[in-house]
Amino acid sequence: MNIRNTLAAFAIFSLTACGSGAPQQPSLTTEGVTDAMLAGGNGDEWLTYGGSYEEQRFSPLTQISVENVGALGLAWYSDLDTGRGQEATPLMHNGTIYVSTAWSMVKAYDAKTGALKWEYDPEVPRETLSRVCCDAVNRGVALYGDKVYVGALDGRLIAIDSNTGREVWSKMIVPDQVSYAITGAPRIANGKVLIGSAGAEFRARGFIAAFDAQTGNELWRFHTVPGNPIDGFENDAMKKAAKTWGGDWWEFGGGGTVWDSITFDPGTNLVYFGTGNAEPWNPKTNDRGLGDALYTSSIVAVDADTGDYAWHFQETPEDRWDFDSNAQITIGDIEVDGAKRRVVMHAPKNGFFYVLDAKTGEFLSGEKFVAVNWASGLDPKTGRPDILPEARYELTGEVFIGSPGLYGGHTWHPMSFSPLSGLMYIPINNTVMPYLADEEFTGTEMGGQMGLDFGSVAMPANKKARAEARKATTGALLAWDPVTQKEAWRVPYPGPSNGGTLATGGNLVFQGTAGGEFRAYAADTGKQLWSFPAQSGIIAAPMSYAIDTEQYVAILVGWGGLWDMNTGVLANVSGPSRNISRLLVFKLGADGTLPEPLPLNKRVLDPPAFKGSEDQVARGNAIYGLNCGGCHGDAAISGAINPDLRHSGAIASEEAIREIVVGGALKHNGMVSFKRVITAEDAEAIRQYLIKRANEDKALELTAE
Ligand code: CA
């Protein structure tokens, strides 16, 4: 029985009961969140990840405005119990805030006072980290009926009783425990819970699936890439897609994972979702050829009730740059050629802002919103990019300095759209990345399946090169007009990976920065009006709600995620980063304060003397680049979240490193054994590389340039 049937039955029962003089039944609101609530409201509640079905992240509340935002203060805060990246947007219903945190834990607070009502820990095995590209993050929960839904990092979809925090059901929904993980927020459509998975850097076949909200039974599953033809294709869409692949693509899964955006439009009854890169990144690895590799790096629309294919629009054919089309998909009614039209708006990693017809997927317009050097532009009729030959690095055999790089011009950090200003507020990144094909790579038994040579292009131990790279790596809050496809205004930031945005009826845009401030700007001009020192870099997006005539703004604080983990010398480009994970809640006239943080200690490098051979260093560099750099940082320089191995005491001991890398001694921390791909001799080569790198950087700090 779906929730609507339940409600109907309940309503009939209530009428009967009242008629017979029985005690008054509780009102329907005790049944929790309904389809009608999800479809609209006055903005007092924030019931779904993107704020509404349209995912505009626009709060119509007007109490906090450009006139009085200066009086905004901290109403309450809650310290979280992990020190990893916090990416979730809190939800608020019936006076309770529901929020997921790192490791897919869920907490419920009294939204007015901050009192903790309950907490739920799915106890994700910590070794799951080894099959996740980008930290133990979770972007949020879904609410429906009397349940809270969370996707756990290890691949479970879990329903929790929203009143008690008790687990109601839990289903493992990914095909294996090697390649797939869940970081995204589930969404609700007609009584179904929708979720996909991450994994296109491992060996994953992308999918989105729908589950019965009451029972967790799977109702439909749409794969984003075709499987092995020998097994037969599930539908016509897969049959057509197979014609765009070469070689034995299924051997690597194909990729195209649905790790973030899912948007349901009741108007079209379509579910739109973004798909990740083709796999491996380097198409030569599995002889994928120059086919489009459908439906990777695309927006795909399927019927919400059946999962049947409706349309697709591929933003990045033959995606070998990790341009994932997974960024938030926003629906809106905007002017196209002088008439109002229902459109899909998208700003994916590849650097182009797209406007598509919501019903048909027809390309309406597209423009660069950051510097782009992989394509000369888009075909004005079809929107297909004109890929430049130098960008096909596996064919040239040369390094391609791609702009954007894998981090993207804009990625999962949520954007917001104000129907009042008509502007989209996008946290953008100006980043580049060197792409170099690994000619030898044919796949590895565990870990990343990119087919790139990361060791050879690691940042050199050179102050000038590092300073130049840091200077060229920036971010901004960009206000973009989707009608004219032009910039309205921007606020520059020293680094990328700033937080998601919230637009409000008070003509405000709220955003947290990588540098650790929570700010409010005037939505029409970009003028900064307010700022709060949050003590920790912010990557998540804020939300707003109202209780007892008071408007609140809430945000999850806690630096982490991909940028911190693998960009080495660039990880701290916004300033010294640290993780102090907290939920902060603000209202007008409040004057709460945070405890003084401990001072940031500058760690001095004190490595053992280098006694290895240059051959070991070269081998160690290559193995580190392939297996270690994704979490411990480019050139062995780590950000704030994972251990910086140049500082590790373990590098003094051959045995200690072997016990960790091969023996799995730190498995409980997420550092699993790599014995399937790294021998004891390799581990020693990595150790010598780390000692060499630590000594190089120690010398750099002593030498003025
Ligand atoms: Ca990807």
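**Figure 1. What lines the largest cavity of this predicted model?** Its lining residues sort into five nonpolar, three polar and two charged. Here they are by name: Leu-38, Thr-48, Ser-52, Tyr-53, Glu-55, Arg-187, Ile-188, Ile-262, Thr-263 and Phe-264. Two strands, β11 (187-189) and β15 (262-265), each put at least two residues into this lining. The largest share comes from β15, which supplies three residues. The space inside comes to about 60 Å³. Searching the whole structure turns up two cavities of 30 Å³ or more, and the other one is up next.

**Figure 2. The second largest cavity holds about 40 Å³ of space.** Thirteen is the number to keep in mind here: 13 residues line this cavity, and those closest to its centre are Gly-184, Ile-195, Gly-196, Val-258 and Trp-259. Split the lining by class and you get eight nonpolar, four polar and one charged.

**Figure 3. A calcium ion sits among side-chain oxygens.** Look for Glu-201 (OE), Asn-277 (OD1) and Asp-322 (OD), and then for Asp-324, which is listed twice with OD atoms. These atoms coordinate the ion at 2.2 to 2.6 Å. If you go hunting for the donor residues in the sequence, follow the spacing E-x75-N-x44-D-x1-D. Are Asp-322 and Asp-324 buried or exposed? Both are buried.

**Figure 4. The second largest pocket has a volume of about 1,000 Å³.** Its lining is made up of 32 residues, and nearest the centre you'll find Asn-572, Arg-603, Ser-638, Asp-644 and Arg-646. Helices α5 (463-472) and α10 (680-702) are the elements that give two or more residues to this lining. Of the elements, α5 gives the most, with four residues. The classes come out as 11 nonpolar, 11 polar and 10 charged residues.

**Figure 5. Helix α9 has buried residues along one face.** This helix covers residues 654-661, and Ile-657, Ile-660 and Val-661 are buried. Seen down the axis of α9, these buried residues fall within an arc of 85°, so they line one face of the helix. A rule of thumb helps here: an α-helix has 3.6 residues a turn, so residues three or four places apart point the same way. Now slide along to the N-terminal end of α9, which Ser-653 caps. A side-chain oxygen of Ser-653 lies 3.3 Å from the backbone nitrogen of Glu-655.

**Figure 6. Ser-261 makes polar contacts with the backbone.** You'll find Ser-261 in the loop between α3 (236-242) and β15. Why does Ser-261 count as buried? Because its relative accessibility is 1%, and the cut-off for buried is under 20%. Its side chain has a polar atom 3.1 Å from the backbone nitrogen of Gly-274. A polar atom of the Ser-261 side chain also lies 3.1 Å from the backbone oxygen of Ala-327.

**Figure 7. Glu-445 and Phe-202 are far from neighbours in sequence, with their positions 243 residues apart.** In space, their C-alpha atoms are 9.6 Å apart. Glu-445 belongs to the loop between β28 (433-435) and α5. With 54% relative accessibility, Glu-445 counts as exposed, since exposed means over 50%.

**Figure 8. Two cis peptide bonds appear in loops.** One of them joins Leu-294 and Tyr-295, with omega about 0°. Tyr-295 is in the loop between β16 (270-274) and β17 (298-303). The other runs from Ser-403 to Pro-404, with omega near -5°. Pro-404 lies in the loop between β25 (400-402) and β26 (416-418). For background, most peptide bonds are trans.

**Figure 9. Asn-94 and Glu-318 have a positive phi.** Most residues other than glycine have a negative phi. Asn-94 isn't a glycine, yet its phi is about 50°. Its place is the loop between β3 (91-93) and β4 (96-101), and at 55% relative accessibility Asn-94 counts as exposed. Glu-318 isn't a glycine either, and its phi is near 45°. Look for Glu-318 in the loop between β18 (309-314) and β19 (329-336). At 4% relative accessibility, Glu-318 counts as buried.

Methods: Residues are numbered from 1 along each chain as its sequence is written. This is a predicted model: local features need pLDDT of at least 70, side-chain atom pairs count only at pLDDT 80 or more; totals for chains, interfaces and linings use all residues. Side-chain values use heavy atoms; hydrogens and water are left out. Buried means under 20% relative accessible area, exposed over 50%, partly exposed in between (1.4 Å probe, protein chains only). The arc is that of the directions from the helix axis to the C-beta atoms. A polar contact is a pair of N or O atoms within 3.5 Å; within protein, one must be able to donate a hydrogen and the other to accept it, and residues adjacent in sequence count only if both atoms are side-chain atoms. On a 1 Å grid over the protein atoms alone, a cavity is a set of points where a 1.4 Å probe fits but cannot get out, and a pocket is an open set with protein on both sides within 12 Å along at least five of seven lines; lining residues have an atom within 4 Å of a point. Grid points are joined across faces, edges and corners, and a volume is the space filled by probe spheres set on the points. Ala, Val, Leu, Ile, Met, Phe, Trp, Tyr, Cys and Pro count as nonpolar, Asp, Glu, Lys and Arg as charged, and the others, Gly among them, as polar. Donors are N, O and S atoms within 2.8 Å of the metal (3.2 Å for Na, K and Ca); water is not among the atoms, so sites may look incomplete.
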